[in-house]
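Open your viewer and get ready to select residues as we go. We will walk from one helix out to its partners, and then across the rest of the chain.

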Amino acid sequence: MRLSRFPLTTLRETPADTEVVSHQLMVRAGMIRALASGLYTWMPLGLRVVRKVESAVREEMNRAGALELIMPAVQPAELWMESGRWEQYGPELLRLQDRHQREFCFGPTHEEVITDIARRELQSYRQLPVNYYQIQTKFRDEIRPRFGVMRAREFAMKDAYSFHMDADSLAETYEDMRLAYCRIFDRLGLEYRYVQADSGAIGGAVSHEFHVLADSGEDEIVYAENSDYAANVEQAPAPAPDISQHPAPTENLVHVDTPGQHSVEEVSAFLDVPLERVVKTLIVHAPDNSLVALILRGDHHLNAVKAARLEGVDAPLRFADAEEIKERLGCPVGSLGPVGLNIPCYVDAWAAVLSDFVCGGNTEGTHYTGVNWERNAALGTVCDLRNLEDGEPSPDGSGSVRSARGVEVGHIFQLGDKYSQAMDCTVLDPDGNKKTVIMGCYGIGITRIVAAAIEQNHDEHGIIWTDAMAPFRLLLCPIGFDRSDAVRDATEDLYRQCTESGIEVLLDDRGLRPGVMFAEADLIGIPHRIVISERGLDESQLEYQRRGSSEPEVLALDQFPDFLRDRLTSD
């Protein structure tokens, strides 16, 4: 492809409305253009990358025995009402009506539709197991779309759904999908982790996420240094202390003034007490909208997913606002504590083993010191409320864990019968009896992978594509293409060799100044670059540079065919 015939509009400056690196570079490189909030047009350069990802996904899904189909993006409300998710899914579900006032939604996912297909098409156990997949556009009405295509409202996704007679069959396909996902991310050249995860709104008892590691990732994951253990921090259990071994009280309860001190950090500094001896009291809603207290050590961080799993806490977790707390409890949240607090309390295990601790005094601008459970405050329900943190013991007993940031790009679920039971999806078993099938679900964010790859692979100059994802493998950069017959002729010959060898080559034939041409080349991130110049040709040499490397290499002109064979066609 010649750049003179490939309209490419790049930007030198970073747009003010972009936050993360991937969004900035995708806009600057001319890969995407915004249409509205969370809606993007994929320009030709960006779409070539999307197609590379789709190709890898499709090949590996086919290799794993999945069958491709395509389902409607617009789905009738009746199916979602059958599953119970029409109201449960919430405002992210884009609801609409047709001219007959019938209700539909623009699908954010397709569990209902595929279950409807299965109950119509599958009659016998002999047809199972079966695994269907599609690559299709989804829509989720994000309350605050951000980070470009990382959290857009409209996006491309591969979703697969398997149907089984029993749990053993589901587990076998689940492992097949796990391996297929590993092959996909290995092929794309990405560093990733496979982690235990929470199933969220999709449902099911078992699920795992795939995270591309990147400092800007929204999710925190933890992994063991000496084993394969890895989990989303929402799912990783914190080590449990021995509740019976906490120290005996040594201090008296004292009510002290702490004017203007609201956070645990402020109170710790004001009273000169270690942060781990201060407890914080967080107020959330119960399912009936009453209030519940969550109590943690001051240096620990609440895990909202763990808290929302508690029977007495509403899911998803809803924090009470400051006005409601003051009205119903008579004290602002910064001065609340468990002493005399007449609402249900859930106490993290590490807060439960504290003695002589500091907590809110339940009147504004005061705190208690020398607080002890049962002597001064009812202990309540002891549970795991906090995040497992870097350096703590691994849950599998294999040393300590390390934490990293990740971008979730894939999620697989063992759904069980959540949808098949609700929608009466059955087949006849070997004895001729109706049996409810069980299901698996397997998603990959196609367009999100593109952004995650950039978050992981970039420098101050622009994108660094892996060979498997690059829109083009090789960029020819002739210096003086518009004024030197020798450069032009040599470049055209190299271009011909590339095309005849099946190499995806991009020729910059626009006659730009070298500095401008190289800056744009670095920005768009083509992995391999050949520079052709009169000086080099006089010595029968070309200049080769791998994107991301600091120094170019000298390549003999007559070795170019070997270069194509050895470095590009064999990668």
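Start by selecting Gly 65, which follows helix α2 and has a positive phi, near 90°. Keep in mind throughout that you are looking at a predicted model.

**Helix α2**

Now step back along the chain and colour α2 itself. This helix has 20 residues and reaches 28 Å from its first C-alpha to its last, close to the 28 Å expected at 1.5 Å a residue. Show its side chains next. The buried ones include Leu 45, Val 49, Val 53, Ala 56, Val 57 and Met 61. Charged names turn up in the buried set too, among them Lys 52, Glu 54 and Glu 60.

**From α2 to a distant loop**

Stay on the helix and pick Arg 48. Which residue does the side chain of Arg 48 meet in a salt bridge? Select Glu 504: the N to O distance for this pair is 3.3 Å. Glu 504 sits in the loop between α13 (485–500) and β27 (505–507) while Arg 48 belongs to α2 (residues 44–63), so the contact ties together parts that are 456 residues apart in sequence. Are these two side chains buried or exposed, or something in between? Arg 48 is partly exposed, with a relative accessible area of 26%, and Glu 504 counts as partly exposed at 29%.

**Two more pairs to select**

Go to Glu 111 and Arg 85, which form a salt bridge with their closest N and O atoms 3.0 Å apart. Here the link runs between helix α5 (residues 111–121), home of Glu 111, and helix α4 (residues 85–88), home of Arg 85, with the two residues 26 apart in the chain. Both Glu 111 and Arg 85 are buried.

Then try Glu 553 and Arg 567, whose side chains meet in a salt bridge at 2.9 Å, N to O. Glu 553 is in strand β30 (residues 553–556) and Arg 567 in helix α16 (residues 560–568), 14 residues apart. Glu 553 is partly exposed at 37% relative accessibility, and Arg 567 is partly exposed at 32%.

For a group rather than a pair, select Glu 59, Glu 60, Arg 63, Arg 183 and Arg 187, which salt bridges with shared partners join into one network. Across the whole structure, a search finds 45 salt bridges.

**The cavity**

How many cavities of 30 Å³ or more does the structure hold? There is one, and the largest cavity has about 30 Å³ of space. To find it, select Leu 3, Leu 8, Leu 475, Asp 508, Arg 510, Met 517, Glu 520, Ala 521 and Ile 524, which line it. Helix α14 (residues 514–524) gives the most to this lining, with four residues. By type, the lining residues divide into six nonpolar, no polar and three charged.

**Zooming out**

Finally, colour by domain: domain 1 covers 15–236 + 403–454, domain 2 covers 243–383 and domain 3 covers 472–568. The centres of domain 2 and domain 3, taken over C-alpha atoms, are 65 Å apart. The C-alpha trace of the protein spans about 90 × 70 × 50 Å along its principal axes. Switch to a cartoon view for the secondary structure, which comes to 16 helices and 30 strands. Of the 571 residues in the protein, 54% are buried.

Conventions. Residues numbered from 1 in each chain as written. Predicted model: local features only at pLDDT ≥ 70, side-chain atom pairs only at ≥ 80, totals over all residues. Heavy atoms only, no water. Salt bridge = Lys/Arg side-chain N within 4 Å of Asp/Glu carboxyl O. Buried < 20%, exposed > 50% of the residue type's maximum accessible area, 1.4 Å probe, protein only. 1 Å grid on protein atoms, 1.4 Å probe; cavity = no way out; pocket = protein on both sides within 12 Å on 5 of 7 lines; lining within 4 Å. Points joined across faces, edges and corners; volume = space filled by probe spheres on them. Nonpolar A, V, L, I, M, F, W, Y, C, P; charged D, E, K, R; others polar. Domains from an automatic or database assignment. Expected span 1.5 Å × (residues − 1).
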